[in-house]
Amino acid sequence: MSGNSIGVAVIGAGMAGKAHAAGYRSATAVYGPGLPDVRLVSIADAYEPLAEDTARRFGFERHDTSWQAIAAADDIDVVSVVVANALHREIVESLLAAGKHVLCEKPLSDALADARAMVAAADTAAERGVLGRIGLTYLRSPGIALLGELVRSGRLGRLINVDGAYWTDYACDPDGPISWRFKGPAGSGALADVGSHLTYIAELFGGPVATVRGATLHTAFPTRPKPLGRVIGHEHGAVSDERDAVENDDVAGFFVDFAGGGTGALQVSRVAAGHPNTLKVEVFCERGSAAFDFRNPGQVQVVLADGDHALGGPRTVTLGPDHPYWRGGLAMDAPGVGIGQNDGFVFQARAMLEEVAGLRADESLPRNADFADGLHNMELIDAVARSAVAGGAPVDVPSLLPRS
């Protein structure tokens, strides 16, 4: 830390970069006192107008136009890296070498070799007390966390099946502009973008995936027009008459077998018209089931096989202070108040700052995942892509090594 305070920066001022910036801004206002002074220092983006506007909007002291400026700054301690996946490795390795604690957006990279190198860099940095963490934001959703607790506690009995879908529509317009999201090898499209979320959620319920099978990848729109200006986030804008090839997947579907028993059926899409951000999961177990739909993030549906058939069926549980992350994590933490994806970024930022400050980890706010978890997530995605290329053949997923 810089003296008795923590200086924060965000590299990448797009949609997710703004969410990180807002998360740090609100992190000191949740879960009570204990943090040292948190200074919002800089937002960096190669597109200066965006960097300047985001810094002003979220109360950061300044803006920069290069990640190198962040790495060299002696008033910055913690950095979120929220840029195109292919850029992660160089930036993250340089930040860790400079002694900056790093919170990297998922997926860890766009290439397994780069991800493995980032894990090695983080392990080396850890010997100097420097943290490398990855944001698996949906693990901070109270509803998803509650489903995980119901399964792991044994309340629902042995897991039989997980059914999950993550549908988005940001690419459903065939004349939407080409961007980095549409470039890369098989599996680097919708599968890596939103499938990376769905897979770590499935493993929250079922434990590590041992095998992937029956995978399919589909590209709905093989070309897209080139933009006339910058493409920021999922925004559209003016395009030219010239088109460029889409290299990766718009839709993916696959089955998983968990190492501890049970199966899962998962599907993702970025061309699901009418579904801007539909994430839904259901777990089926020996003594009941539970379901969560992010379109209604303040509630879950639970079925308990308690023998009373006359009153059987799903019951709606309204989330509140008795459930994960809620008490103290919201300005108004009573049952029934609004909760959403933006809150997950606040909880994630708070957990990062607490760990940097050396505060004791609280069960109500566990630490962020490390780079080894991020590598495992990529290995699972890679297994899906390899299964698809092999016509759906089973592909084993490397075991997630236990932590010391």
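In the predicted model, strand β7 (residues 159-167) and strand β13 (residues 278-285) run antiparallel and are joined by eight bridges. Within this pairing, Trp167 lies opposite Thr278 of β13. Strand β13 is also joined to strand β14 (residues 288-293), again in the antiparallel sense, by six bridges. Here Val281 is placed opposite Phe292 of β14. The connection from β13 to β14 is a hairpin of two residues.

A further sheet is open and consists of seven strands in the order β3-β2-β1-β4-β5-β6-β17, with mixed pairing. Its edges are formed by β3 (62-64) and β17 (369-370); each has a single partner strand, so one side of each is left without a neighbour in the sheet. Strands of a sheet pair through backbone hydrogen bonds, in either the parallel or the antiparallel sense. Strand β1 runs parallel to strand β2 (residues 37-44), and seven bridges join the two. Ile11 has Ala44 as its bridge partner in β2. Strand β1 (residues 5-11) also pairs with β4 in the parallel sense, over four bridges, and Ala9 has Val79 of β4 as its bridge partner.

Strand β4 in turn pairs with strand β5 (residues 101-105), likewise in the parallel sense and over four bridges. The bridge partner of Val78 in β5 is His101. Between β4 and β5 the chain passes through helix α4 (residues 88-97), giving a β-α-β crossover that is right-handed. Strand β4 (residues 78-81) is covered on both faces: Val78 and Ser80 are buried on one side, and Val79 and Val81 are buried on the other. Val79 of β4 is thus both the bridge partner of Ala9 and one of the buried residues of the strand.

The structure contains five aromatic pairs. One of them, between Tyr325 and Phe347, is stacked, with 5.7 Å from centre to centre and 20 degrees between the planes. The two residues are 22 positions apart and the pair links distant parts of the chain, with Tyr325 in the loop between β16 (315-318) and α9 and Phe347 in helix α9. Both residues fall under the 20% limit for burial: Tyr325 counts as buried because its relative accessibility is 9%, and Phe347 counts as buried because its value is 1%. Separately, one aromatic cluster is made up of Tyr138, Tyr166, Phe292 and Phe294. Phe292 of this cluster is the residue of β14 that stands opposite Val281.

Two cavities of 30 Å³ or more are present in the structure. The largest cavity holds about 90 Å³ of space. Its lining comprises 14 residues, and Tyr170, Pro177, Phe182, His234 and His236 are those nearest the centre. By residue class, the lining of the largest cavity consists of five nonpolar, five polar and four charged residues.

The volume of the second largest cavity is about 50 Å³. Residues lining this cavity include Thr137, Tyr138, Arg140, Ser141 and Pro142, together with Phe294, Ile339, Gly340, Gln341, Asp343, Gly344 and Phe347. Helix α9 (residues 341-356) contributes the largest share of this lining, with four residues. The lining of the second largest cavity divides into five nonpolar, five polar and two charged residues. Several aromatic residues described above recur here: Tyr138 and Phe294 belong to the aromatic cluster and line the second largest cavity, while Phe347 also lines this cavity and forms the stacked pair with Tyr325.

The second largest pocket encloses about 770 Å³ of space. It is lined by 30 residues, with Leu139, Arg152, Leu204, Tyr325 and Pro366 lying nearest the centre. Two or more lining residues are given by each of the elements β6 (132-135), α6 (142-152), α8 (195-206) and α10 (371-389). The lining of the second largest pocket is divided into 14 nonpolar, seven polar and nine charged residues. Tyr325 therefore takes part in the lining of the second largest pocket while counting as buried at 9% relative accessibility. Its partner in the stacked pair, Phe347, is among the residues that line the second largest cavity.

Methods
Residues are numbered from 1 along each chain as its sequence is written. This is a predicted model: local features need pLDDT of at least 70, side-chain atom pairs count only at pLDDT 80 or more; totals for chains, interfaces and linings use all residues. Side-chain values use heavy atoms; hydrogens and water are left out. On a 1 Å grid over the protein atoms alone, a cavity is a set of points where a 1.4 Å probe fits but cannot get out, and a pocket is an open set with protein on both sides within 12 Å along at least five of seven lines; lining residues have an atom within 4 Å of a point. Grid points are joined across faces, edges and corners, and a volume is the space filled by probe spheres set on the points. Ala, Val, Leu, Ile, Met, Phe, Trp, Tyr, Cys and Pro count as nonpolar, Asp, Glu, Lys and Arg as charged, and the others, Gly among them, as polar. Rings of Phe, Tyr and Trp (its six-membered ring) pair if their centres lie within 6.5 Å; planes under 30 degrees apart count as stacked, over 60 as edge-to-face and the rest as tilted. Buried means under 20% relative accessible area, exposed over 50%, partly exposed in between (1.4 Å probe, protein chains only). Two strands pair if DSSP finds at least two bridges between them. A crossover is right-handed if, with the strands pointing away from the viewer, the path from the first strand over the helix to the second runs clockwise.
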